[in-house]
Amino acid sequence: MSEQKKRVVIVGGGITGLSAAFYLQKAAREQNLPIEVTLIEATNRLGGKIQTVRRDGFVIERGPDSFLIRKKSMDTFAKDVGIGDDLVRNATGQAYILVNGRLQPIPGGSVMGIPTKVGPFLKSDLFSLAGKLRAAGDFVLPRSGIEGDQSLGHFFRRRFGPEIVENLIEPLLSGVYAGDIDHMSLQSTFPQFYEVEKKHRSLILGMKKTTPKQVPQKDGHGASKKGAFHSLRNGLESIVEAAEQRLEPGTVRKGIRIESISKQGNQNILKLNTGETIVADSVILTTGHAAASQLFAPHGLLEGLKEIHTTSVATVALAFPAENIVQDTEGTGFLVSRSSDYSITACTWVHRKWPTTTPEGKVLLRAFVGRPGEDAIVDLPDGEIERIVLEDLGKIITIKGKPDFTVITRFKDDRPQYRVGHRQRIDAARAELKDAFPNVKLAGASYDGVGLPDCINQGKAAVEEVIADLITK
C-alpha cells in the first residue's frame, strides 16, 4: 500500500460504527497503516439504541441493558476503551412466565425453553399433562429432514407441540428479537438448535449433552450462581462516551447525512447534506437496512433489503419508593405468554437484577410493550402508555401511589425481523455490492445479529475486510 493516506468513511455511529472506527484506528496505529477514518452520524449523538438516563441516583437504560458474557467482544471493547473495571454481572434469581394471570416459574434446567432436566419440567404448572406428554414426543420423533431455512415456530412445534411453544419457548425467543416466531428464521437466529437436532435427533437429549452443568442455588431452581450477563456500572452509554473520547480528534462528524453515493474508478463519492463531497477509498455502512436500501436505490441495488420487516417497541421505566411496592414474589422479572390478556410483553425488576442501578430504598421496574402485529400501543401518548403499564403491573404486584418518575422510550419501526430466508437476502445484498461497489461493506443489527457483541463482531469483521482490500491495492 502506498504511503498516500487512504480514507475510510464509516456511516452510522451506533455500536457497530463506533467500534469499527475505534478498531480501525487502533489497527492503523499498531500496524503503521496510512489510513484516515471519518465517522459520519446523522443525529447529534453516538451510540444508536444505547441510551442511558442518569437521574436521582438511578441508572436507567432506554435501549439494551446488558449483553451475554459468553460473547466476548463487548467485554473486550469495554477493556480496550479503559472501562473494564466498570463491568458488573447481573444478580441471578427466578424468572417467570405470566400465564393465565399467574406468574409461573420458568422450570430449572430450561435452555431457551428447552428442558435439560425432566424433573422440574414435569412439576411445572406452566403446562397441562397433555402438553407434557406431547413434549415428550421429542424423545422419539425423527429429525425433521428439512434442508434450508424454516421458521422457529414450525421447528419447535414439530418437536414439542403447541403448548410448550406458546407458554415457554415463544416468550423467551421472541423477546430476544421482538419478533414473531412463526416468521423468524431458524437459520439466522438460533441455528444451534438445528445443529443439535441434526447431531442428536432429540433436542432434549442433545441440549442436555451440550449444555455446561449449572451450579444449583439454595432455592433449588437450578440457576447458576453467576449471572450470564454483563452491564456497566454507570450505564451502557459509558462505553459510548469512553470510545468516543479515544477516537482521534476530528474523526467524528455528527448531524450530517449521506445524500448519495457514486463511484469513480475504485473510489466512492459521498455527497453530504451540507453540500460537501467526500472521496472514500472504502465505506463501512452501519446504518439500518432501510437507509442502506434507500441510499443505493438510484443504482437499482439492495432492493431485497426492503423485504426485511421491522416492528416497533417501547420501554417504560418506573421509579418508586420501596414502600410503594408490595411484592411477595422473589426473582428478577417475567415474560408474558402471548395468549395472556396483557399489553406488556415483559417486565424486569431492575433493582433486583441490577442492584447498582437503583438507590437504597427505591424500586425500579422496566416494562416492555409492542410486538409484531400489536405495536399500535407505541404510538399512544406517554400518559396513556404509563396508565396501561401500571394497570397491567397492578394485576401482578401491589402498587401504592404514583411513580416518582417514568422514562418512556419508543423505538419506531426499529427492530429488524430476521424472517425465513434472511441469510439468503443478506448474502444476495452483499453479492450485489461486491459487483457494483466492491469497497462498500454492510454491517449492523439488520444483518448478522442484533445483540451488542454481534454488532461489534460485524464492525470488526468489516475492518478486517477493509484493511485486506486496501493493503492489496
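Trainee: Which helix does Ser-188 lie in?
Mentor: Helix H7, which covers residues 186–189. Keep in mind that this is a predicted model.

Trainee: Is Ser-188 buried or exposed?
Mentor: Buried. Its relative accessible area is 14%, and the cut-off for buried is under 20%.

Trainee: What does Ser-188 touch, leaving aside its neighbours within four places in sequence?
Mentor: Four residues: Tyr-177, Tyr-418, His-422 and Arg-423.

Trainee: What about Arg-423, which atom of it lies 3.3 Å from a polar side-chain atom of Ser-188?
Mentor: The backbone nitrogen of Arg-423.

Trainee: Switching to empty space. How many cavities of 30 Å³ or more turn up in the whole structure?
Mentor: Two. The largest holds about 130 Å³ of space. The second largest holds about 30 Å³.

Trainee: Start with the largest cavity. Which residues lie nearest its centre?
Mentor: Val-59, Glu-61, Asp-65, Val-350 and Thr-357. They belong to a lining of 16 residues.

Trainee: And which elements give two or more residues to that lining?
Mentor: Strands S4 (58–61), S11 (229–232) and S21 (362–369). S4 supplies the largest share, three residues.

Trainee: How do the lining residues of the largest cavity divide by character?
Mentor: Eight are nonpolar, four are polar and four are charged.

Trainee: Now the second largest cavity. What lines it?
Mentor: Asp-180, His-183, Met-184, Gln-417 and Arg-419. By character, that lining has one nonpolar, two polar and two charged residues.

Trainee: You mentioned S11. Which sheet order is it part of?
Mentor: S5-S11-S6, an open sheet of three strands with antiparallel pairing. S5 (67–68) and S6 (87–89) are the edge strands, each pairing on one side only.

Trainee: How many bridges join S5 to S11?
Mentor: Two, and those strands run antiparallel.

Trainee: What stands opposite Phe-67 there?
Mentor: His-230 in S11.

Trainee: S21 came up at the largest cavity too. How many bridges does it share with S17?
Mentor: Eight, in the antiparallel sense. One residue to look at is Pro-321, whose bridge partner in S21 is Lys-362.

Trainee: What joins S17 to S23?
Mentor: Nine bridges, with the strands running antiparallel. S23 covers residues 405–416. Val-313 stands opposite Phe-411 in S23.

Trainee: Why is S17 said to be largely enclosed by the rest of the structure?
Mentor: Because 11 of its 12 residues are buried. The strand covers residues 310–321.

Trainee: Last topic, Leu-393. Where is it found?
Mentor: In helix H13, residues 382–394.

Trainee: Buried or exposed?
Mentor: Leu-393 counts as buried, because its relative accessibility is 1%, against a cut-off of under 20%.

Trainee: What does Leu-393 touch, not counting residues up to four places away in sequence?
Mentor: Leu-318, Phe-334, Ile-344, Cys-347, Leu-365 and Ile-399.

Trainee: And Pro-416, how many Å separate its C-alpha atom from that of Leu-393?
Mentor: They are separated by 28 Å. Along the chain, Leu-393 and Pro-416 are 23 residues apart.

Note on methods
Residues numbered from 1 in each chain as written. Predicted model: local features only at pLDDT ≥ 70, side-chain atom pairs only at ≥ 80, totals over all residues. Heavy atoms only, no water. Helix = DSSP H or I, 4+ residues; strand = E, 2+ residues; numbered from the N terminus. Buried < 20%, exposed > 50% of the residue type's maximum accessible area, 1.4 Å probe, protein only. Polar contact = N/O pair within 3.5 Å; in protein donor to acceptor, adjacent residues only side chain to side chain. Contact = heavy atoms within 4.5 Å. 1 Å grid on protein atoms, 1.4 Å probe; cavity = no way out; pocket = protein on both sides within 12 Å on 5 of 7 lines; lining within 4 Å. Points joined across faces, edges and corners; volume = space filled by probe spheres on them. Nonpolar A, V, L, I, M, F, W, Y, C, P; charged D, E, K, R; others polar. Pairing = 2+ DSSP bridges.
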